[in-house]
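Here is a friendly walk through one protein chain, for someone seeing it for the first time. Have a look at the sequence and the structure, then read on.

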Amino acid sequence: LPDTGPVKIRLSSSDWRTLIRLTDGYSCSDLNSLAKEAAMGPVRDLDLRGGRNLTPDDVRHIELRDFRQGLDRVKPTVSAESLRAFEHYVR
């Protein structure tokens, strides 16, 4: 994706497919939480020692590894059984 704002994301087509596979069963709310968690990855990697002023260029792009790490913290909140019931209901 092109950089269109303050958030910088670097994911290949393969990365997107992997992310889609890894988040199967996640609700929109779960995905929102995961995206916020992944966005913190580059911030956590910043070297804040030394007291120098940081710029947006000092923050690396969000990468698949950030989403993978986020998946350790953000779990799906909707059970597979609930998803099946919803799918049956909307048919």
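## A loop residue to start with

Asp-72 sits in the loop that links α3 to α4, the helix made of residues 80-90. Is Asp-72 buried or exposed? Its relative accessible area is 61%, so Asp-72 counts as exposed. Keep in mind that this is a predicted model.

Now pair Asp-72 with Leu-34: the two are 38 residues apart along the chain, and 9.7 Å separates their C-alpha atoms.

## The chain as a whole

How many helices and strands are there? The chain has four helices and zero strands, which gives the pattern α-α-α-α when you read along the sequence.

As for overall dimensions, the C-alpha trace spans about 55 × 25 × 20 Å along its principal axes. The radius of gyration is 16 Å, while a compact globule of 91 residues would come in near 12 Å. Of the chain's 91 residues, 24% count as buried. Take the contacts between residues at least 6 apart in sequence, and 70% of them join residues at least 24 apart.

## Two helices side by side

Next up are helix α1 (residues 13-22) and helix α3 (residues 64-71), whose axes come within 10 Å and cross at roughly 10°. Angles under 35 degrees count as roughly parallel, and α1 and α3 are therefore roughly parallel to each other.

Which residues do the meeting? From α1 there are Asp-15, Thr-18, Leu-19 and Leu-22, and from α3 there are Leu-64, Phe-67, Arg-68 and Leu-71. Sorted by class, this contact of α1 with α3 holds five nonpolar, one polar and two charged residues.

## The nonpolar core

The largest nonpolar core has 10 residues in all: Leu-11, Leu-19, Tyr-26, Leu-34, Ala-38, Ile-62, Leu-64, Phe-67, Leu-71 and Val-74. Two elements, α2 (28-44) and α3, give two or more residues to this core. The largest share comes from α3, with three residues.

Leu-19 is a handy member to follow. Setting aside its neighbours within four places in sequence, Leu-19 is in contact with Leu-11, Leu-34, Leu-64 and Phe-67.

Leu-11 is another core member, and you'll find Leu-11 in the segment before α1. With a relative accessible area of 9%, Leu-11 is buried, since buried means under 20%. For a sense of distance, try Leu-11 and Glu-81: they're 70 residues apart in sequence and 31 Å apart in space, going C-alpha to C-alpha.

## Two spots on α2

Helix α2 includes Cys-28 and also Val-43. How much accessible area does each one have? Cys-28 has a relative accessible area of 68%, so Cys-28 is exposed. Val-43, at 37%, is partly exposed.

Each has a distance worth tracing on the model. The C-alpha atoms of Val-43 and Val-59 are separated by 6.6 Å, with their positions 16 residues apart along the chain. Cys-28 and His-61, meanwhile, are 33 residues apart in sequence and 23 Å apart in space, again C-alpha to C-alpha.

Methods: Residues numbered from 1 in each chain as written. Predicted model: local features only at pLDDT ≥ 70, side-chain atom pairs only at ≥ 80, totals over all residues. Heavy atoms only, no water. Axes fitted to C-alpha atoms, helices over the stretch in contact; angles between N-to-C directions. Parallel < 35°, antiparallel > 145°, perpendicular 65-115°, else oblique. Contact = heavy atoms within 4.5 Å. Nonpolar A, V, L, I, M, F, W, Y, C, P; charged D, E, K, R; others polar. Core = buried A, V, L, I, M, F, W, Y, C linked by side-chain atoms within 4.5 Å. Buried < 20%, exposed > 50% of the residue type's maximum accessible area, 1.4 Å probe, protein only. Rg over C-alpha atoms; globule rule 2.2 N^0.38 Å.
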